[in-house]
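Please open the model in your viewer and keep the selection tool at hand. The stops below are meant to be followed in order, each beginning with something to select.

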Amino acid sequence: MNAAVRSITRMALQRGCLPFAIYEGYQGLVEGGRYIRQLGWEDVRGLLAVGGTSIGTARCAEFRTREGRLRAVHNLITRGIDALIVIGGDGSLTGADLLRSEWTGLVDELIASERVSAAACEHVRDQLTIVGLVGSIDNDMALTDITIGAVTSLHRICEAVDNLTSTALSHQRAFVIEVMGRHCGWLGLMAAISVGADCVFLPERPPPLDVSKYGDDWESEMCDTIDKYRHIGNRKSLVIVCEGAIDRQLRPIKADYVQKILTDRLHLDTRVTQLGHVQRGGTPCAFDRFLATVQGVDAVEAVLSAKRDSPALMIGISHNKITAVPLMEAVQQTKSVAVAIERRDFEGAMELRDPEFTGTFDAFIESTIYGDHHQRVPAGEKLRVGIVHTGAPAGGMNAATRIAARLCLNRGHVPVAVRNGWSGLVRDEVTELCWGDTIGWQVRGGSELGTNRDHPAPLPDGPKIDPRGEAKFVDLGLIAYHLQKHDINALLLIGGFEAYTSQLVLTHARDVFPAFCIPMVQLPATVSNNVPGTDYSIGSDTALNVIVAACDSIKLSANASRKRVFVVEVQGGNCGYLATLGGLAVGAMNVYIPEKGVHLGKLQRDINHMNRRYNEEDRAGIPNEGRILLRSEMASSTYTTETVSKIIRAESRGLYDSRTAVLGHLQQGGVPSPLDRIRATRLAVNCVGFLQKSAQEARERMTHHGMVGAPGVYTKDPKHSCIVGIIGAEVAYTPVTEVLKTTELKARRSKEEWWMNITRLIRVLSKYEFAEELDDASHIDLLRKRDPSHRFKDDE
């Protein structure tokens with residue numbers, strides 16, 4: 001929420017508006033006076049890393065009365081405020097819309113009672129502009145894919161449960177963890193997937209799962225599931241319970257009762273942990289900082305473009321794009337979920353959630369319940385699915401492998417682990433995976449299978465590929481021989497750009513090597529997020545959170561030293577995604593990325609900007625702020641991180657200092673972030689489904705054409721060699737040959753990158769092109785903010 005306050009304030013100032021903070025929510029709006037304060041640029045300094053809300057929030061019974069809302073309108077008019085941006089849940093947004101609907105009548109009542117003059121109300125009499133941002137850890141608002149605070153709360157849950165897992169493994173204990181979620185099970189479900197829980201209880205989908213077998217006896221189903229895991233060697237048991245969890249008769253399911261069942265029936269040493277308000281606190285994660293910042297910017301634009309009689313808007317995100325939808329439509333659809341649950345229409349409640357929620361729930365069930373054979377294929381359609389990690393390690397690789405292996409086993413396929421990439425394959429480092437082999441992999445960083453940059457050697461007329469670093473080419477004939485030797489008839493590649501080019505080479509060589517005429521799919525996994533055909537690669541969110549944590553600490557050092565600028569080098573290869581998204585999330589002054597390069601003109605502008613900012617702070621008597629510049633590792637071969645720092649230090653002429661920090665391989669390691677674990681799960685499910693469907697289509701085609709003597713699966717169809725990625729909010733299947741059209745093969749990145757415009761936003765929020773006099777209320781024209789033509793200037 002603080003990130004939203006920061007971006008709204010600074011964007012409002014850039015656009016010629018006068019921002020106010022209303023402290024303590026609607027209580028402050030009713031009280032007025034010291035609770036309504038004008039904000040300047042420096043008032044929101046440092047808010048990005050602060051959890052909660054620095055302007056406070058409170059429930060207000062008085063605002064629910066007409067007299068309370070009359071006082072609120074009086075306070076707004078006396079301050080000249082004619083627009084409200086409200087950050088909260090459905091209750092806060094409903095209250096704002098009610099105030100808007102009564103606005104004209106309340107203003108007329110104030111004029112009639114002579115509490116305000118008609119002249120004072122002239123420019124605000126017709127309408128109060130309302131724009132809502134959804135701040136809710138439950139992620140329970142309709143018409144938006146995610147809400148501000150939900151992912152940070154998921155981080156807190158996963159951190160706590162990951163720590164509990166160590167104790168559970170040591171003592172072979174069971175833990176029942178209660179998480180928030182009164183009417184929405186998003187937190188519980190995503191936490192269960194992220195930590196590898198054995199069972200999860202949600203409000204929308206009451207147990208038991210197998211009603212035909214268990215009826216209403218969910219306790220027996222839970223015990224049977226956990227007992228099965230114990231017998232295959234699982235030393236721990238984790239059960240996630242949402243606070244609003246119910247059974248099919250709407251009876252509450254409480255953590256203490258679950259503990260009693262596990263203790264009495266299975267004789268497990270079971271403990272209960274209620275995370276409570278731990279889930280609401282802590283430093284915001286990288287994704288929430290990004291989401292709140294870009295939504296705050298769009299909220300200001302929505303205020304400026306609002307028209308009379310248009311409905312109040314809610315700023316959301318859908319298909320990776322910021323949206324503006326009718327506020328009350330979203331609120332009403334949100335409330336309909338609770339109504340469906342009360343009617344015991346559980347299927348309807350699940351349908352009212354976004355499609356990803358239902359798909360994720362199904363993925364959790366299939367990857368968790370050992371022996372779930374409802375999607376088992378006939379014996380003649382079984383596949384031997386080779387799983388290869390290639391390229392640099394990335395958070396989520398192990399989680400993806402775990403899910404893929406378990407889905408294969410439940411569907412009757414054989415998951416075949418190829419260790420140490422292509423070079424491992426030709427050394428016969430190949431083993432079949434069983435269910436117990438992947439226990440605990442959901443939370444492990446790195447690559448349990450082993451990975452490297454060794455690459456299939458392209459044919460002379462094939463794609464022009466240059467291995468990076470110490471990588472070497474592996475002979476295509478050897479790869480084909482060993483695929484046949486191990487009877488691998490489907491291939492899942494988990495990796496970054498090397499995985500893409502490897503698959504491209506194998507696909508191109510199908511005419512020469514029949515062993516490559518099998519379904520192939522890539523699951524994008526790289527911290528650089530440079531794989532074409534997807535908006536996100538698993539591992540990139542983990543790396544972003546490492547960058548954010550490191551830069552928060554570096555900023556503390558820079559702030560303590562007052563006049564110090566840090567040039568921080570991040571990874572990313574020839575793709576500036578990490579630097580750009582990281583720069584926005586940490587409040588960097590600017591970013592240097594390969595797509596735009598570094599030149600003297602850019603350095604001079606940045607140095608002039610820093611000189612101006614430090615001089616302004618000195619004149620105003622404001623404590624100097626430490627500043628950060630993020631530089632992607634390959635932004636320039638001439639202007640290295642050290643060179644940029646030295647130039648800044650020299651050109652500052654003693655006004656401030658400059659230091660460097662190189663984050664290096666920290667960004668590739670550590671525990672995967674919850675988002676990466678969830679994305680890995682979602683993509684792995686779709687990868688297995690793609691391989692299975694492609695193999696079925698290939699068999700049908702072979703049968704139709706009467707191909708005698710062909711192997712069990714044979715296909716040269718380009719559509720059977722795809723990248724499975726996330727584009728917007730949807731899973732997309734794009735043939736690798738088609739992706740080549742939108743790929744800069746030499747630069748190792750896509751030609752179209754959705755995040756490029758964020759570089760301008762970083763400069764806007766760093767006070768580039770800002771007229772200082774706008775901080776002074778005496779120079780503000782309140783009506784100016786109604787002119788959408790007043791926009792900031794882009795300096796690049």
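What follows is a tour of selected places in this model, which is predicted.

**A strand with two partners**

Begin by selecting strand S5, residues 174–179, where six of the six residues are buried. In a regular strand the side chains alternate between the two faces of the sheet. Colour Ala174, Val176 and Glu178 as one side of S5 and Phe175, Ile177 and Val179 as the other, and you will find that both faces are covered, with these residues all buried.

Next add strand S7, residues 237–242, which runs parallel to S5 and is joined to it by six bridges; at Val179, the bridge partner to look for in S7 is Cys242. Then add strand S8, residues 270–274, which is also parallel to S5 and is joined to it by five bridges. Here the residue to pick in S5 is Ile177, whose bridge partner in S8 is Thr273.

**Backbone details in three loops**

Select Pro207 and Pro208 and display the backbone, since a cis peptide bond joins these two prolines, with omega at about 0°. Pro208 belongs to the loop that runs between strand S6 (199–201) and helix H7 (211–214).

Move on to Asp487, in the loop between helix H16 (476–485) and strand S16 (490–495). Phi of Asp487 is near 55°, which is a positive value in a residue other than glycine. Is Asp487 buried, partly exposed or exposed? Its relative accessibility is 47%, so Asp487 counts as partly exposed.

The third loop, between strand S24 (743–744) and strand S25 (749–750), holds Arg748. Arg748 is not a glycine either, yet its phi is positive, at about 60°. Arg748 has a relative accessibility of 15% and therefore counts as buried, because the cut-off for a buried residue is under 20%.

**Salt bridges**

Side chains of opposite charge can pair when their charged atoms come close. The model contains 39 salt bridges, of which a few are picked out here.

Select Glu301 and Arg15, whose closest N and O atoms are 2.8 Å apart in a salt bridge. This pair links distant parts of the chain, with Glu301 in helix H10 (residues 286–305) and Arg15 in the loop between helix H1 (2–14) and strand S1 (20–22), 286 residues apart. Both Glu301 and Arg15 are buried.

Now select Glu31 and Arg71, which form a salt bridge with their closest N and O atoms 3.9 Å apart. Glu31 lies in helix H2 (residues 25–31) and Arg71 in helix H3 (residues 66–78), so this salt bridge ties together parts that are 40 residues apart in sequence. Glu31 is partly exposed, with a relative accessible area of 36%, and Arg71 also counts as partly exposed, at 26% relative accessibility.

A further pair to show is Arg427 with Glu429, a salt bridge in which the closest N and O atoms are 2.8 Å apart. Arg427 counts as partly exposed at 46% relative accessibility, and Glu429 counts as partly exposed at 24%. To see salt bridges that share partners, select Glu42, Arg45, Arg612, Arg613, Glu616, Glu617, Glu625, Arg627 and Lys767, which are joined into one network.

**The second largest pocket**

Rolling a probe the size of a water molecule over the atoms shows where empty space is left. The second largest pocket has a volume of about 970 Å³, and to centre your view on it you can select Asn320, Glu753, Trp754, Trp755 and Asn757, the closest to its centre of the 35 residues that line it.

Which elements should be shown around this second largest pocket, each supplying at least two residues of its lining? They are H10, strand S10 (321–326), S25 and helix H24 (758–764), and the largest share, five residues, comes from H10. If you colour the lining of the second largest pocket by residue class, it divides into 15 nonpolar, 11 polar and nine charged residues.

**Cysteines**

End the tour with the cysteines, among which the structure holds zero disulfides. Cys285 is in no disulfide, and the nearest cysteine sulfur, that of Cys158, is 11 Å away; Cys285 is buried, with a relative accessible area of 4%. Cys575 is likewise in no disulfide, the nearest cysteine sulfur being that of Cys551, 17 Å away, and at 1% relative accessibility Cys575 counts as buried.

Note on methods: Residues numbered from 1 in each chain as written. Predicted model: local features only at pLDDT ≥ 70, side-chain atom pairs only at ≥ 80, totals over all residues. Heavy atoms only, no water. Helix = DSSP H or I, 4+ residues; strand = E, 2+ residues; numbered from the N terminus. Buried < 20%, exposed > 50% of the residue type's maximum accessible area, 1.4 Å probe, protein only. Salt bridge = Lys/Arg side-chain N within 4 Å of Asp/Glu carboxyl O. Pairing = 2+ DSSP bridges. 1 Å grid on protein atoms, 1.4 Å probe; cavity = no way out; pocket = protein on both sides within 12 Å on 5 of 7 lines; lining within 4 Å. Points joined across faces, edges and corners; volume = space filled by probe spheres on them. Nonpolar A, V, L, I, M, F, W, Y, C, P; charged D, E, K, R; others polar. Disulfide = S-S within 2.5 Å.
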